[in-house]
Amino acid sequence: MRHIISALVENKPGVLAHVAGMFAARAFNIDSLVVGRTEDPKLSRMTIVVIGDDRVVEQVRKQLARIVPVVKVQDFVGQPVVARDLMLVTISAPPEKRSEIFSMIEMFRGKVVDIGQKSLMVEVSGPESKIEAFVNVCKPYGIKSVARTGTIAMSRQAKIEP
Amino acid sequence: MTSKSRISARSADKSTIKTGAQIIVDTLIEQGVDTMFGYTGGVMLPLFDRLYDAPIRVIIPRHEQGGCHMADAYARASGKVGVMAATSGPGACNLVTGLATAMMDSIPIVALTGQVRTELIGNDAFQEADTTGITRPVTKYNCIVKDVKDLARTIREAFYIASTGRPGPVLVDIPVDVAVTKYSVDGPVEMELPGYKVRSKGHARQITTAAKAINQSKQPVLYVGGGVIAANASEELRALAEKAHIPVTATLLGLGCYDQRKPESLDMLGMHGSAYANYAVQECDLLIAVGARFDDRVTGKLATFAPNAKIIHIDIDPASISKNVHVDIPVVGDAKAILVELAKQVEYCPRKGWFKKIADWKKKYALRYDQEASTIKPQYVIEEICHQTKSEAIITTGVGQNQMWAAQFYKFIRPRQLISSGGLGTMGYGLPAAIGAQIAKPDALVIDIDGEHSFNMTMTELSTAVEHNLPIKVCILNNGYMGMVRQWQELFYGKRYSKSYLSNPDYATVARALGAIGITVDKKQDIPKAIKQMLTEKKPCVVDFRIDREENVWPMVPAGKSLDEMSGLDIFESMA
């Protein structure tokens, strides 16, 4: 099962190495890991996607919490969350196919961020499944390069009552 | 002047200008350090210069690994934090085994390492190593201090992290320019550890659930580990075991936290544990784990471990709960506080049938060896040491057969009496550990029960013992083999003794050359006399016992088998 784990960590050198090292040492697999600053300059947020059974992920969560500069750990599984990936993709787009491609980009609520003579760079964000779907529809035109972030996530304010 | 009055004297004159090195020394004194272990070097010159006339005793090992083991055993014997200092590069790298040993056994150490000047870091400077990178997986926490204003706070945090929660080693890396920079210190600085929380009290409802399970249980077993010793909870454990009338088995690191002379003691469990402990665990209906972590050497095959038991797990580390074995009733917190609460809620139960069963196993499967043999049996040597020291000695060990025989045949009565590398299984631990323990407890009788190959690895530290005139005893159980490896080769590799022996020196001669006493014992009848002499020597004393070359450790649960699938019980029965 896919778990999104969010860890608030001290913004200090070595913390990422510590977290990544723990995953390697304990043979846990990281699907994606995103680190970024928060509103507090002393803290960063790591969003880590882990695939594994509940027992493994429970261990991941506990082992993360055990790392001294890790302040708080949350596993979003079973909770309503907003989860987003961001992708930049360059697609070959000869002039005669452009209108077709533009309408496709619009369907995915993407944004053209750069135009070349034979290609377009598109920015798309959304849940991982949407990003995957966009990659698939772009394939027939020819994808030149892709840069993707991993997932970032936050729990929704309105909780579903159990 | 006592250390307390020093602090107040210092905090009185606010805003003193000090070098980083002076701040380190003052913070060590503030943390109650009166003894440390350390090896100097280029980037450590500023610190060691300040230590020259500081009220801290500095023991210099012959190798940094030895020094780290000394600090570790000092901590295990005293309950205080052990301190080890080493220089950058090779000095720091040599700490790795010692830190990993302490990490696996949850032992509080603060390691201070020197580092090259801040502006040289990353340039492959002379004696540069990425110390924090190398030691991160073998420490509870580590960091580099690049600004002298953070130095005192970081060292204070290091002591706090090392000694609280589940203890462990903490390393602070200090570039030499930070050690020489002058800084105006204005009073103590608060610790900043937003991510470090220590849970002390257990959850009240969980404790009540655990107490109910104990009161309902017909066949409970207490399975206790090093966490009981770390929490100084032996008295509370005894109170619980007596009040609820529950038999107690210990892990290697837990030995001593329950008096092994008591009838409720099942001695050690696991791969080379006693058959009665292993059978009791396999047949119990409730297993109460306290400060133990269900290590593979304890559980054997996980799928069939304690198959009928509900499991209570008391541990300060939430990550230990349900890591290897599913736990029914977890109680996270300090063992001492939890055991006190638990003892209030349990009731006495005679459990006659259960204790009768245990008594029968104890009789049938008592640890035995061939007492009629003409060769020197290692078990006899240890029994004789135990007898002559009246179970009062502090025992350190190497790793392998010597360690298992020491655990089986010495009867431990107090916590902090057995000092052994359990988790990491570090050969060469015994001698430096004996030195560290003797320094922590100058009046105690400290005996290293060692193997010759373990001894080979760190025997240079005998010079350290001689230099400080420490009356440690080293009993080498010398069978000319890496005994445990040979035993596995005999049992599982068709007796092909591949590379499990090498050419060894005459240890008595080596001991004498280094300034210690050396005794060789090759006749069984000389054992009592040799041990008696050893115990009266005031200098470090090495006794080389030439034991039966192919004696095995029994019983044995082969790797991957269930605890009740022990080999060697037929040997016991034939000797009954």
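**View 1. Chain A, from end to end.** A residue is called buried here if 20 or more other C-beta atoms lie within 10 Å of its own. By that yardstick, 26% of the 162 residues of chain A count as buried. Keep in mind that this is a predicted model. Chain A has four helices and nine strands, and if you follow them from the N terminus you meet β-α-β-β-α-β-β-α-β-β-α-β-β. The C-alpha trace of chain A spans about 55 × 40 × 30 Å along its principal axes. Now for the contacts in chain A between residues at least 6 apart in sequence: 74% of them join residues at least 24 apart.

**View 2. The two domains of chain A.** Chain A splits into domain 1, covering 2-75, and domain 2, covering 82-154. Taken over C-alpha atoms, the centres of these two domains of chain A are 29 Å apart.

**View 3. Where domain 1 meets domain 2 in chain A.** Here seven residues of domain 1 of chain A are in contact with six residues of domain 2 of chain A. On the domain 1 side, strand 1 (2-10), strand 2 (30-37) and strand 3 (43-51) of chain A each give two or more residues. Strand 2 of chain A has the largest share of that side, with three residues. Sort the domain 1 side by class and you get four nonpolar residues, three polar ones and no charged ones.

**View 4. Chain A against chain B.** This contact takes 14 residues from chain A and 14 residues from chain B. Look on the chain A side for helix 1 (15-25), helix 2 (54-66) and strand 4 (70-75), each of which supplies at least two residues. The chain A residues that touch chain B come out as six nonpolar, five polar and three charged.

**View 5. Inside the largest nonpolar core.** This core has 207 residues, and B:Val224 and B:Leu287 are the ones with the most contacts inside it. Zoom in on B:Leu287 and, leaving aside residues up to four places away in sequence, you'll find that B:Leu287 touches B:Val221, B:Tyr223, B:Val281, B:Ala306, B:Ala309 and B:Ile311.

**View 6. A second core, on its own.** Separate from the largest nonpolar core is another one, made of 12 residues. To find your way there, look for A:Val89, A:Val122, A:Val124 and A:Cys138, which are among its members.

Technical notes
Residues numbered from 1 in each chain as written. Chains lettered and ligands numbered in written order. Predicted model: local features only at pLDDT ≥ 70, side-chain atom pairs only at ≥ 80, totals over all residues. Contact = placed C-beta atoms within 7 Å. Nonpolar A, V, L, I, M, F, W, Y, C, P; charged D, E, K, R; others polar. Domains from an automatic or database assignment. Core = buried A, V, L, I, M, F, W, Y, C linked by C-beta atoms within 7 Å.
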